[in-house]
Amino acid sequence: MTRNIFQQYYGNARATKVIYGTILIAAFLITKDHIGENSSLAVAISTFFAAIAIVFAEIYSELLGETIRKNKKLSRTERNAIEKDTFAIISVSILPSIVFLVSYVGLYSTQVAFTISYTLLLIILIVFSFWAVRLSGATTLKALVISIIISVIGIAVVLLKYSLGH
């Protein structure tokens, strides 16, 4: 049952949006972490609003790109589908935002919140990588090994985005 719900919600363009959002939010958090002097509340709020900015940029580019690709004005249904899929990026930012809000109330330090957030984002990369490899027909063990390798590549992409100032 859980697999069906997961497949139903993320079994389309939303999966790519979650992966893309994970990479962008991780790079954003690394930047915030290295700036220092961030309150947990400020990081929670800025992470959430960074995700909203990413969503709007993605909707903008997807709508224009699809219009160009199809060489016609998009229907309301097509526009709604793009918007609905793109809002999956928000689901990635909610977890780190909640982690930083909990830190703000004093259950742990801001630095621990960064560590928890990085861990959650890494788990998201591993889960989506594992799911993709399993759907391609690999055994569970092979999917696990490949998903870890793919996730390391994802981490490299995050670090590259961070190092290039994005």
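**Notebook: helices α6 and α7, and the largest pocket**

I looked up how helix α6 (residues 110-135) lies against helix α7 (residues 140-163), and found that their axes come within 8 Å and cross at roughly 135°. Angles over 145 degrees would count as roughly antiparallel and 65 to 115 as roughly perpendicular, so α6 is oblique to α7. I note that the model is predicted.

I then looked up the hand of the crossing: α6 passes α7 in a right-handed one.

Next I listed the residues that make this contact. From α6 I recorded Leu122, Leu125, Ile126, Ser129, Phe130, Val133 and Arg134. From α7 I recorded Thr140, Ala143, Leu144, Ile146, Ser147, Ile150, Ser151, Gly154 and Ile155. Sorted by class, the contact of α6 with α7 has 10 nonpolar, five polar and one charged residues.

I turned to the largest pocket, which holds about 180 Å³ of space. Its lining consists of Ala26, Ile30, Tyr118, Leu121, Leu122, Leu125, Ile155, Val158 and Leu159. I asked which elements give two or more residues to this lining. They are α2 (13-35), α6 and α7. Of these, α6 gives the most, with four residues.

I also checked the classes in the lining of the largest pocket: nine residues are nonpolar, with no polar and no charged ones.

Finally, I compared the two lists. Leu122 and Leu125 of α6 and Ile155 of α7 take part in the helix contact, and Leu122, Leu125 and Ile155 are also among the residues that line the largest pocket.

How values were computed
Residues are numbered from 1 along each chain as its sequence is written. This is a predicted model: local features need pLDDT of at least 70, side-chain atom pairs count only at pLDDT 80 or more; totals for chains, interfaces and linings use all residues. Side-chain values use heavy atoms; hydrogens and water are left out. Axes are lines fitted to C-alpha atoms, for helices over the stretch in contact, and angles run from 0 to 180 degrees between N-to-C directions. Angles under 35 degrees count as roughly parallel, over 145 as roughly antiparallel, 65 to 115 as roughly perpendicular and the rest as oblique. A crossing is left-handed if the near helix is turned anticlockwise from the far one by less than a right angle, and right-handed if clockwise. Contact means heavy atoms within 4.5 Å. Ala, Val, Leu, Ile, Met, Phe, Trp, Tyr, Cys and Pro count as nonpolar, Asp, Glu, Lys and Arg as charged, and the others, Gly among them, as polar. On a 1 Å grid over the protein atoms alone, a cavity is a set of points where a 1.4 Å probe fits but cannot get out, and a pocket is an open set with protein on both sides within 12 Å along at least five of seven lines; lining residues have an atom within 4 Å of a point. Grid points are joined across faces, edges and corners, and a volume is the space filled by probe spheres set on the points.
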